[in-house]
Amino acid sequence: MSTTTKSSQERPSVSEAARAYIKKGCAPIPIPPREKAPRTKNWPELRLSESEITASFREEDNIGLLLGAPSGNLIDVEGDVPEARAAFPVFLPPTESVHGRQGSPGSHCWYRTDEAPDSERFTDPDGTCLVELRSTGEQTLVPPSVHPSGELLRWEKWGIPAKVNKDDLCQAVAKVAACALLARHWP
């Protein structure tokens, strides 16, 4: 996988992508095509080796990455609304690992922390999720998966996730949430 974005018509090999994630210290898990939820109930314990990829993934499958401790404290900050994504460059530490899809570009920023923080979800009073800090016990759909909407997920930056202090990242995500909430309700 390269640092350039593939066109929405092309889909890289799922098995090659899963192997690349393992080489980056991540724990990939198989997800049914066009779905977000793992196929098996024991997915939090799943740790596949490169030699198990072919037997575990079908080429039409999606790929999830285990977050937090299973992937070396890999953290996903997901901006669910445009107002949160607009606040990312202002409050989040810069990272060379960002993905999204055509309808939600730059919606996932990736980090490695000194220790895995607790997951946290920030919502608008109307129930809309604004931003999530996703960690141990969760997984995130990653490229070259196909979102349930039919859009191909793509890496906008396929580099090394920034290394950050857990508390600093938690504070930055809280600031993104506050900014997004104000932006959504400012007269």
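## Exercises on a predicted model

Three strands make up an open sheet in the order β1-β2-β8, with antiparallel pairing. Keep in mind that this is a predicted model. Let's work through it.

### Exercise 1: the edges of the sheet

Task: Work out which strands stand at the edges of the sheet, and what that leaves them without.

Solution:
- Step 1. Start from the order of the strands, β1-β2-β8.
- Step 2. β1 and β8 each have a single partner strand, so these two are the edges, and one side of each has no neighbour in the sheet.
- Step 3. Now add the twist: ignoring direction, neighbouring strands of this sheet are turned by 35° against each other on average.
- Step 4. Finally, put the helix in place. α1 (residues 14-23) packs on the sheet and touches β1, β2 and β8, and its direction makes about 10° with that of β2.

### Exercise 2: pairing up with β2

Task: Find how many bridges join β1 to β2, and how many link β2 and β8.

Solution:
- Step 1. Recall the background: strands of a sheet pair through backbone hydrogen bonds, parallel or antiparallel.
- Step 2. β1 and β2 run antiparallel and are joined by 5 bridges. Across this pair, P28 stands opposite L65 in β2.
- Step 3. β2 and β8 also pair in the antiparallel sense, over 4 bridges. Here I63 has V142 in β8 as its bridge partner.

### Exercise 3: buried or exposed?

Task: Decide whether the residues of β2 are buried or exposed, then do the same for L181.

Solution:
- Step 1. The cut-offs you need: buried is under 20% relative accessible area, exposed is over 50%, and partly exposed is in between.
- Step 2. In β2, 5 of the 5 residues are buried, so this strand is largely enclosed by the rest of the structure.
- Step 3. Check both faces. N62, G64 and L66 point one way from β2, I63 and L65 point the other way, and all are buried.
- Step 4. L181 sits in helix α4 (residues 166-185). Its relative accessibility is 30%, so L181 counts as partly exposed.
- Step 5. Who touches L181? Apart from neighbours within four places in sequence, L181 is in contact with D124, P125 and L130. F122 is 59 residues away from L181 along the chain, yet their C-alpha atoms are separated by 9.3 Å.

### Exercise 4: backbone oddities

Task: Say which peptide bond is cis, and where the residues R34 and N73 with positive phi sit.

Solution:
- Step 1. Know the usual case: most residues other than glycine have a negative phi, and most peptide bonds are trans.
- Step 2. The bond joining P143 and P144 is cis, with omega about 5°. P144 lies in the loop between β8 (139-142) and β9 (154-158).
- Step 3. R34 isn't a glycine, but its phi is positive, near 60°. You'll find R34 in the loop between β1 (27-31) and α2 (53-56).
- Step 4. N73 isn't a glycine either, and its phi is about 60°. This residue is in the loop between β2 (62-66) and β3 (74-79). With a relative accessible area of 16%, N73 is buried.

### Exercise 5: the largest pocket

Task: Describe the lining of the largest pocket by class.

Solution:
- Step 1. The largest pocket holds about 280 Å³ of space.
- Step 2. It is lined by 17 residues, and K36, E78, H108, L141 and H147 are the closest to its centre.
- Step 3. Sort the lining: 2 nonpolar, 9 polar and 6 charged residues.
- Step 4. Trace the strands: β3, β4 (97-101), β5 (104-113) and β8 each supply at least two lining residues.

Conventions: Residues are numbered from 1 along each chain as its sequence is written. This is a predicted model: local features need pLDDT of at least 70, side-chain atom pairs count only at pLDDT 80 or more; totals for chains, interfaces and linings use all residues. Side-chain values use heavy atoms; hydrogens and water are left out. Buried means under 20% relative accessible area, exposed over 50%, partly exposed in between (1.4 Å probe, protein chains only). On a 1 Å grid over the protein atoms alone, a cavity is a set of points where a 1.4 Å probe fits but cannot get out, and a pocket is an open set with protein on both sides within 12 Å along at least five of seven lines; lining residues have an atom within 4 Å of a point. Grid points are joined across faces, edges and corners, and a volume is the space filled by probe spheres set on the points. Ala, Val, Leu, Ile, Met, Phe, Trp, Tyr, Cys and Pro count as nonpolar, Asp, Glu, Lys and Arg as charged, and the others, Gly among them, as polar. Two strands pair if DSSP finds at least two bridges between them. Axes are lines fitted to C-alpha atoms, for helices over the stretch in contact, and angles run from 0 to 180 degrees between N-to-C directions. Contact means heavy atoms within 4.5 Å.
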